[in-house]
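Dear colleague,

I am passing on the structure we spoke about, and below it I have set out what was found in it. Please read the notes with the model open beside you.

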Amino acid sequence: MGMKNKAVLSLIVGLLFIGSCKEKDKGMDASLAFDRGALLSNLASGMIMPAYDSCVFYFASLAQSIQQFRAEPTVLHLQVAQQNWKQFARSWQYAAAFNFGPAAEKGIKKTLAEEVGSFPVSSTKIESFIMANDTSFANFDRDSRGIFAVEYLLFGENESANEILAKYANQAPRFLYLLACANHIGLNLKLVQTEWKTYQASFVSSVGTDIGSSTSLLYNEFLKYYEGLKNFKFGIPLGKRPGQTTVLPKSVEAYYSGYSTQLAREHWRCVQLIWEGTNLNGKSGVGFKAYLDKVEGGKALIDLTLAQVKATQNKLDSLPASSLSTAISNDFNRVDEVHTELLKLTRFYKSDLSSLIGIAVTYSSGDGD
Amino acid sequence: MFNRLKTHFFSPQSIAPLVVFRILFGLATLISTTRFLVLDWVDLHFVDTQVQFKYFGFEWVQLAPPVIMYAIHYLLILASLGIVFGAFYRISITLFFVLFTYCELIDITYYLNHYYFVSIVAFMLIWVPANAYFSYDSFNNKKWVRTQIPAWNIYIFKWQLCLVYFFAGLAKINETWLLEALPLKIWLPANSHFPFIGWLFQYPITAYIFSWTGMLFDLCIGFFLFYAPTRFYAWLLVIIFHALTGALFQIGVFPLVMVVSTLIFFSAAFHQKILHFLSRLFPYPFLSEPSTIRNPNYPSAGRQNLVIMVCILWFSFHVLFPLRYVLYPGNFYWTEEAYRFGWRVMLMEKAGTATFYVYDKNTQREGVVDNTTFLNSHQEKQMAMQPDLILQYAQFLKKHYQEQGLAVEKVRAEVYVTLNAKPSKLLFNEHLNLLAISDSWAPKYWLNRFEE
């Protein structure tokens with residue numbers, strides 16, 4: 001028996017030894033293993049950084065047009081600002097998916113998406129801050145600032161361009177609040193964009209799968225981002241929460257501009273890009289799909305996911321051209337069907353995906369052996 | 001037979017292995033509790049929590065206010081120190097057992113086999129004179145000093161350890177583990193960045209080697225530890241095995257607990273050397289070795305019989321309880337009936353997505369629950385694949401929404417579970433009213449059968 005033990009022992013020691021020798025000359029067998037580093041660098045350089053860059057770029061145009069509108073409050077300048085807001089809001093959909101690392105919570109500062117992307121905003125709160133000429137943002141009312149506060153101030157609620165303009169006439173505080181909101185967005189975005197330049201290297205090199213590793217951060221935020229589409233952009237406006245007694249069309253994202261359907265489509269597209277690994281410029285790359293392709297049971301999951309993605313896509317495509325809030329009021333079932341398909345898709349992104357690729361979704365210790 | 005057992009049980013043995021075991025166990029719980037506090041888990045598990053999932057039969061165990069929960073953890077540290085130094089030992093170990101077990105009973109989603117093990121060992125340590133030597137207590141009260149004790153005081157820990165390993169090995173003898181090398185085929189490639197040997201993990205053959213080695217290790221290691229000629233090598237294997245699994249998987253202090261516990265198999269002379277070394281390292285009078293050798297107090301024949309009977313009962317329970325799974329039909333990986341308290345460790349990769357629907361009779365509307373409103377990611381993960389927890393959550397939702405003014409008539413759930421990389425399947429019919437089902441020891445016929 002002593003011999004047997006020695007044999008097992010020498011086998012293990014031998015394996016360790018072979019391992020340490022071979023690593024240098026052999027490296028990873030590309031045909032077998034999935035290279036998480038490739039996924040991370042593809043996402044970082046093809047998706048995340050371009051997303052922040054484009055967001056900052058479109059923000060600059062928006063900020064400029066707001067300045068112009070302030071200098072000359074005309075219908076034309078208002079409309080330019082509105083158009084630029086829409087462009088910017090579209091680009092924001094992509095940046096919002098990566099709400100970790102530089103975008104994560106810091107002290108009392110919430111995540112970037114919470115700081116600047118909260119919706120629905122409260123028009124009451126916004127109006128009262130304007131009334132009080134308070135642009136300090138020294139409060140926790142995140143529904144009184146950010147991208148959708150700017151939207152409210154530029155689009156008004158069911159108001160014509162002239163009516164909106166009238167609100168700004170001789171109203172310095174309203175302009176100041178609009179500018180303050182814009183500055184606040186720009187500042188926060190710029191911070192995250194800049195920090196990514198230094199964060200990128202450590203992001204790409206953290207190739208583990210435990211909690212806090214880049215893959216785990218990316219995946220967990222991907223999931224939250226997906227749930228956000230399902231729960232907040234469709235679920236709540238559709239009145240799907242227990243206890244909701246009616247639909248809440250005004251709770252959609254971008255209610256005031258009526259741009260909600262387009263933004264939801266962009267959100268959906270971003271989910272697909274991340275899963276497939278496709279870059280923002282359309283170039284294909286390494287994403288969760290390629291990861292699945294290399295793991296036990298992964299190919300079956302790819303097929304199942306794609307089938308449900310297609311079913312969801314069909315329902316999304318058949319949404320009316322109107323805003324989501326209008327569609328919810330007039331065409332409830334067609335919006336509801338999208339929500340149902342999104343619910344069905346959840347497990348393919350949630351437990352099935354994380355289980356197959358062995359990503360930690362929780363901090364706690366598991367059962368030991 | 002009984003008399004031979006009696007002779008065996010009460011033959012005098014050096015107390016040294018038990019004393020070293022006491023010290024190391026105390027140190028391990030000290031490290032574990034400190035780690036818990038440092039990682040801020042008291043807050044995460046016991047303060048920032050809205051729902052606590054209960055153990056069957058222990059529904060009455062309630063969460064205490066935050067101040068108390070923190071106090072308990074500081075008391076656990078004190079108790080651990082008491083165990084290490086053998087100070088107020090009976091109080092310390094009893095306090096540790098009660099408080100530790102209380103913390104475990106609060107929320108079953110944090111169940112871990114090794115926490116169960118710690119509870120069991122702490123309970124056993126209450127009944128043995130682990131403070132009769134090399135301790136604050138024995139220094140202060142010389143008449144308590146013993147250098148020899150009846151053998152059973154040491155045997156019971158060895159047997160308990162053997163049971164853990166043996167059952168862990170037994171559980172690995174199944175088709176999925178041995179013939180498909182699952183779940184290691186999932187877990188190992190996820191660790192392909194591991195230093196030195198990580199590149200090996202991409203090959204399926206590695207998963208097979210690990211699966212078979214793991215099974216053989218667990219099954220045999222107890223015997224090799226018992227048998228003197230193989231003991232040292234067996235213990236080296238214990239270190240290598242636990243160091244490797246500890247580095248690979250997120251399993252906390254478990255490797256430490258097992259590595260130090262298995263030292264108890266070594267000879268009295270070996271442990272005496274450890275104590276000698278410790279007394280030189282820390283030259284405090286109460287850690288010095290007594291000059292006279294004292295023999296154990298021989299209990300009366302009646303008490304001897306009692307000890308033997310209790311031990312027989314205890315170990316019968318610990319052999320039979322993990323085996324209760326044979327009483328249940330179906331795949332217990334899927335149903336999780338009789339899964340816990342069976343030393344089934346790192347045995348399956350399982351995950352679920354559970355979507356709950358609450359039906360309000362007043363408005364005749366059915367709402368979809370966002371689980372993250374109530375559960376943290378760990379709780380949600382555990383709940384979404386364990387039938388009994390799903391029932392508890394349904395009851396919680398009913399209570400919660402009734403307090404919100406809803407007339408909750410039905411709670412149903414769509415639960416898709418993936419087991420060992422197989423495509424996810426519905427755990428049970430999604431139209432079932434979960435409020436109408438109560439949990440019990442009986443087989444859960446409301447679950448769908450697991451199909452390959």
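Phe321(B) is found in the loop that runs between helix H15 (301-320) and helix H16 (332-335) of chain B; please bear in mind, here and throughout, that this is a predicted model. Leaving aside residues up to four places away in sequence, Phe321(B) touches Tyr116(B), Phe341(B) and Trp441(B). One of these partners, Phe341(B), is 20 residues apart from Phe321(B) along the chain, and the C-alpha atoms of the two are separated by 7.6 Å.

To place this in the wider chain, the domain assignment of chain B gives domain 1 (1-146), domain 2 (151-266 + 299-344) and domain 3 (349-436). The C-alpha centres of domain 1 of chain B and domain 2 of chain B lie 21 Å apart, and 32 residues of domain 1 are in contact with 41 residues of domain 2 in that chain. Between these two domains of chain B an area of about 3500 Å² is buried, and carbon and sulfur atoms give 80% of that area. Phe9(B), Phe10(B) and Phe117(B) together supply 21% of the area that domain 1 of chain B buries against domain 2 of chain B, which is more than any other three residues.

As for polar links, the count of salt bridges between domain 1 of chain B and domain 2 of chain B is zero, although the rule does find seven residue pairs in polar contact across this interface, both residues of each pair being at pLDDT 80 or more. On the side of domain 1 of chain B that touches domain 2 of chain B, at least two residues are supplied by each of helix H1 (2-10), strand S1 (12-14), helix H2 (16-38) and helix H6 (113-126) of chain B. The largest share of that side, nine residues, comes from H6(B), and by class the side of domain 1 has 23 nonpolar, seven polar and two charged residues.

Turning to the contact between the chains, 69 residues are taken from chain B and 64 residues from chain A. The area buried between chain B and chain A is about 5700 Å², with carbon and sulfur atoms giving 60% of it. Three salt bridges are found by the rule across this interface of chain B and chain A, and one salt bridge is that in which the side chains of Glu296(A) and Lys185(B) meet, at 3.9 Å from N to O. Across the interface of chain B and chain A there are also 14 residue pairs in polar contact, again with both residues at pLDDT 80 or more. Helix H12 (residues 228-248) of chain B gives the most to the side of chain B that touches chain A, namely nine residues, and the residues of that side divide into 35 nonpolar, 22 polar and twelve charged.

A last residue to look at is Thr209(A), whose place is in the loop between helix H8 (172-205) and helix H9 (214-235) of chain A. Is Thr209(A) buried or exposed? Its relative accessible area is 7%, and Thr209(A) is therefore classed as buried, since the cut-off for that class is under 20%. Not counting residues up to four places away in sequence, Thr209(A) touches Arg36(A), Ser216(A), Tyr291(A), Ile357(A), Gly358(A), Ile359(A) and Ala360(A), as well as Ala190(B) and His193(B). With one of these, Ala190(B), there is a polar contact, in which the side chain of Thr209(A) reaches the backbone oxygen of Ala190(B) at 3.0 Å.

With best wishes

How values were computed. Residues numbered from 1 in each chain as written. Chains lettered and ligands numbered in written order. Predicted model: local features only at pLDDT ≥ 70, side-chain atom pairs only at ≥ 80, totals over all residues. Heavy atoms only, no water. Contact = heavy atoms within 4.5 Å. Buried area = accessible area lost by both parts, 1.4 Å probe. Salt bridge = Lys/Arg side-chain N within 4 Å of Asp/Glu carboxyl O. Polar contact = N/O pair within 3.5 Å; in protein donor to acceptor, adjacent residues only side chain to side chain. Helix = DSSP H or I, 4+ residues; strand = E, 2+ residues; numbered from the N terminus. Nonpolar A, V, L, I, M, F, W, Y, C, P; charged D, E, K, R; others polar. Domains from an automatic or database assignment. Buried < 20%, exposed > 50% of the residue type's maximum accessible area, 1.4 Å probe, protein only.
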